[in-house]
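Please read the following account alongside the sequence and the 3D view, following each element in turn.

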Amino acid sequence: MLNYKRYRKNPVIDYPEREWPGKEIEKAPVWCSVDLRDGNQALIDPMIVEEKIEMFQYLVKLGFKEIEVGFPAASQIEYDFLRTLVDRKLIPDDVEVQVLVQCREHLIKRTFEALKGIKKAIVHIYNSTSTLQRDVVFGNSMEQTTQLAVDGAKLMIEEATKIPETDFMFQYSPESFTGTEMEYAVEICNAVLDVWKPTKEKKVIINLPSTVEMATPNVYADQIEYCCENIKYRENVIISLHAHNDRGTAVAATELALMAGADRVEGTLFGNGERTGNTDIMNVAMNMFSQGIDPKLDFSNIDEAV
């Protein structure tokens with residue numbers, strides 16, 4: 001018999017003022033495909049550059065305007081892929097590529113090096129903020145964890161200034177958000193926002209990932225609404241979702257979190273992604289379609305997508 005007593009419940013957020021249960025999804029979010037990063041990490045044999053190009057062009061065909069192309073500072077193939085997209089001029093003018101990088105100085109500098117010559121890009125920094133990882137993995141206090149994020153945010157401004165011809169959008173994720181105390185999640189996001197000082201003309205993205213899906217979808221929605229209500233510069237901040245599928249409910253969590261005020265969804269086609277999978281963008285988009293909402297993505301040839 002399975003020893004269920006070895007586990008304990010994940011704590012829920014005490015948020016009786018929630019309003020999302022009375023709301024509906026009325027329009028498509030901003031979609032960001034992470035197939036070339038999260039999806040690629042799920043493959044036994046990762047894609048080579050030419051295969052990545054084929055996938056990139058198919059994502060463009062489906063209608064994605066934001067596409068994450070990987071960690072250019074993490075491996076040579078991801079660096080080469082980004083450079084190939086830039087050098088061959090394969091990125092349409094209406095599409096932004098997104099790159100991911102940890103809040104580490106040498107990696108951030110290497111990332112901006114890879115972006116030279118690009119017209120516009122989203123640069124996404126992150127560091128882990130959960131109680132468990134702060135205590136067990138990094139041995140960092142809240143203050144030290146916040147300082148890592150703030151230092152990374154400052155360095156991004158410095159590096160972006162060196163490439164004035166590129167239109168950069170900044171994005172920050174408190175990795176393992178769902179395992180972070182909500183007051184602290186808001187605190188660290190606000191510390192980063194105080195560095196970037198977003199404006200109506202220069203918005204930024206705060207991505208709140210369900211790095212590990214730890215509770216029922218309504219809990220994620222509560223967490224998202226709490227952050228939407230307490231984050232600074234809200235009118236100039238795009239709140240983004242990145243749900244994983246550990247409990248099999250990433251689609252439901254994403255839909256409820258959109259009702260809770262999020263503006264943007266990161267996910268993969270059919271949910272194919274690292275570890276347990278990601279939010280299935282096709283599923284969320286077609287759920288909208290079936291409710292008379294334009295999903296802004298074209299899945300009319302589903303067999304081709306498969």
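Two strands are said to pair if DSSP finds at least two bridges between them. With that in mind, and remembering that this is a predicted model, one may begin at strand 3, where Gln102 stands opposite Tyr126 in strand 4. Strand 3 and strand 4, the latter formed by residues 120–128, pair in the parallel sense, and six bridges join them. The connection between these two strands passes through helix 4, residues 105–114, and together strand 3, helix 4 and strand 4 make a right-handed β-α-β unit.

Strand 3 also has strand 2, residues 66–70, as a partner, and this pairing is again parallel, over four bridges. Here Glu68 stands opposite Gln98 in strand 3. Strand 2, helix 3 (residues 76–87) and strand 3 likewise make a right-handed β-α-β unit. As for its surroundings, strand 3, which spans residues 96–102, is mostly covered, with six of its seven residues buried.

Further along the chain lies helix 8, residues 217–230, whose 14 residues reach 20 Å from the first C-alpha to the last, close to the 20 Å expected at 1.5 Å a residue. Helix 8 is mostly covered as well, since eleven of its 14 residues are buried, among them Pro217, Val219, Tyr220, Asp222, Glu225 and the pair Cys227 and Cys228. Against which elements do the buried residues of helix 8 pack? They pack against two helices, helix 7 (182–196) and helix 9 (250–259), and against two strands, strand 6 (204–210) and strand 7 (237–243).

Key
Residues are numbered from 1 along each chain as its sequence is written. This is a predicted model: local features need pLDDT of at least 70, side-chain atom pairs count only at pLDDT 80 or more; totals for chains, interfaces and linings use all residues. Side-chain values use heavy atoms; hydrogens and water are left out. Buried means under 20% relative accessible area, exposed over 50%, partly exposed in between (1.4 Å probe, protein chains only). A crossover is right-handed if, with the strands pointing away from the viewer, the path from the first strand over the helix to the second runs clockwise. The expected span of a helix is 1.5 Å times one less than its number of residues. Contact means heavy atoms within 4.5 Å.
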